[in-house]
Amino acid sequence: MSARVQTAPFDLATELAGFGAGAGAVVTFTGLVRDDTGSLAALEIEHYPGMTERALTDYGQAAAARFGLCDWRIVHRHGRIATGQPIMMVATAARHRRAAFEAADYLMDWLKSRAPFWKREIGQDGAARWVAAKTDDEDSLARW
Amino acid sequence: MTIEILYFAALRERVGHPRETVTSDARTPRDLVAELAARSDGHAAAFADMAALRCAVDQQLTDLDAPLGQPREVAFFPPMTGG
């Protein structure tokens, strides 16, 4: 049951070693830097040190209470991350699959619009552009 | 009271620095924004779109019209884009 913010890449197998002992189901989600236009070099992710760790821990604990999780983990990177590389992961462990799936979905909806991260796209030409928040991310949160 | 103000992402760029210490008796974050926006053209530009403004008071997301209390730290930033 932990949340981490780091610049370094993470390794999913390492993260899952010993994760969710006693659970019947483990779900993981990994977000990658996607290039929709063929012109993206990287993302640069800014965050709010202090608040970020606190917010991720709050959302993890809320998911654990709501879905009865045996274990949860959130790892979110910041700094410059190249196209195709992992940005973040959530893992949820529960007795049964539906709780694990729903908890991972819930956590992603909260992280998308309520965790203090801001993405900036860096083009192959070096131009930087802040990514705008999507209204459907906000709509997704209303499901819960 | 003395408050540490933090700016992130596009707001930080428009204001021109990531933090500043101010003295204010603002009763809500919205009142504080009105005071901050008067500090420079960059501040005014940063706060031009109130619909796209988010705020955290002592590292908790807070409505712009909530009572401010006696915060140590108030942060302003655009809608978040994590995940």
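## Salt bridges across the model

In this predicted model, a network of salt bridges links four residues, namely E44(A), R80(A), R120(A) and E13(B). Over all chains, the structure holds 15 salt bridges. One of them joins the side chains of E4(B) and R19(B), with N and O 3.0 Å apart. Since E4(B) belongs to strand β1 (residues 2-7) of chain B and R19(B) to strand β2 (residues 19-23) of chain B, the pair ties together parts that lie 15 residues apart in sequence. R19(B) counts as partly exposed, because its relative accessibility is 45%.

Strand β2 of chain B also carries E20(B), whose side chain meets that of R39(B) in a salt bridge of 3.5 Å, N to O. R39(B) sits in the loop between α2 (29-37) and α3 (41-46) of chain B, so this pair ties together parts that are 19 residues apart in sequence. The two partners differ in their surroundings: E20(B) is buried at 10% relative accessibility, whereas R39(B), with a relative accessible area of 45%, is partly exposed.

A further salt bridge in chain B is formed by E73(B) and R72(B), whose closest N and O atoms are 3.4 Å apart. Here E73(B) is buried, with a relative accessible area of 7%, while R72(B) counts as exposed at 55% relative accessibility.

## A buried lysine without a salt bridge

Which side chain of opposite charge is nearest to K119(A), a buried residue that has no salt bridge? It is D137(A), at a distance of 7.1 Å, and this is too far because a salt bridge requires the nitrogen and the carboxyl oxygen to be within 4 Å. K119(A) is found in strand β7 (residues 117-123) of chain A, and its side chain reaches the backbone oxygen of G82(B) at 3.1 Å.

If neighbours within four places in sequence are left aside, the contacts of K119(A) include L43(A), E44(A), I45(A), R129(A), W130(A) and V131(A) in chain A, and also T81(B), G82(B) and G83(B) in chain B. Among these contacts is E44(A), which is also a member of the salt-bridge network described at the start.

## The build of chain A

Chain A has four helices and eight strands, and from the N terminus on its elements follow the order β-α-β-β-α-β-β-β-α-β-β-α. Its C-alpha atoms fill a box of roughly 50 × 35 × 30 Å along the principal axes. A compact globule of 144 residues would have a radius of gyration near 15 Å, and the value for chain A, 15 Å, agrees with this.

Of the 144 residues in chain A, 45% are buried. Among its contacts with a separation of 6 or more, 75% are between residues 24 or more positions apart. The accessible surface of the chain comes to about 7,000 Å², and carbon and sulfur atoms account for 51% of that area.

## Positive phi angles in chain B

Most residues other than glycine have a negative phi. A9(B), which is not a glycine, nevertheless has a positive phi of about 55°. This residue is placed in helix α1 (residues 9-15) of chain B, and it counts as buried because its relative accessibility is 0%.

Q59(B), likewise a residue other than glycine, has a positive phi near 70°. Q59(B) lies in the loop between β3 (54-57) and β4 (60-61) of chain B, and with a relative accessible area of 13% it is buried.

Conventions. Residues are numbered from 1 along each chain as its sequence is written. Chains are lettered from A and ligands numbered from 1 in the order in which they are written. This is a predicted model: local features need pLDDT of at least 70, side-chain atom pairs count only at pLDDT 80 or more; totals for chains, interfaces and linings use all residues. Side-chain values use heavy atoms; hydrogens and water are left out. Helices (H or I, at least four residues) and strands (E, at least two) are DSSP runs, numbered from the N terminus. Buried means under 20% relative accessible area, exposed over 50%, partly exposed in between (1.4 Å probe, protein chains only). Lys and Arg count as positive and Asp and Glu as negative; His and the chain ends are not counted. A polar contact is a pair of N or O atoms within 3.5 Å; within protein, one must be able to donate a hydrogen and the other to accept it, and residues adjacent in sequence count only if both atoms are side-chain atoms. Contact means heavy atoms within 4.5 Å. The radius of gyration is taken over C-alpha atoms; the globule rule is 2.2 Å times the number of residues to the power 0.38. Accessible areas come from the Shrake-Rupley method with a 1.4 Å probe; for residues, only the protein chains shown count as cover.
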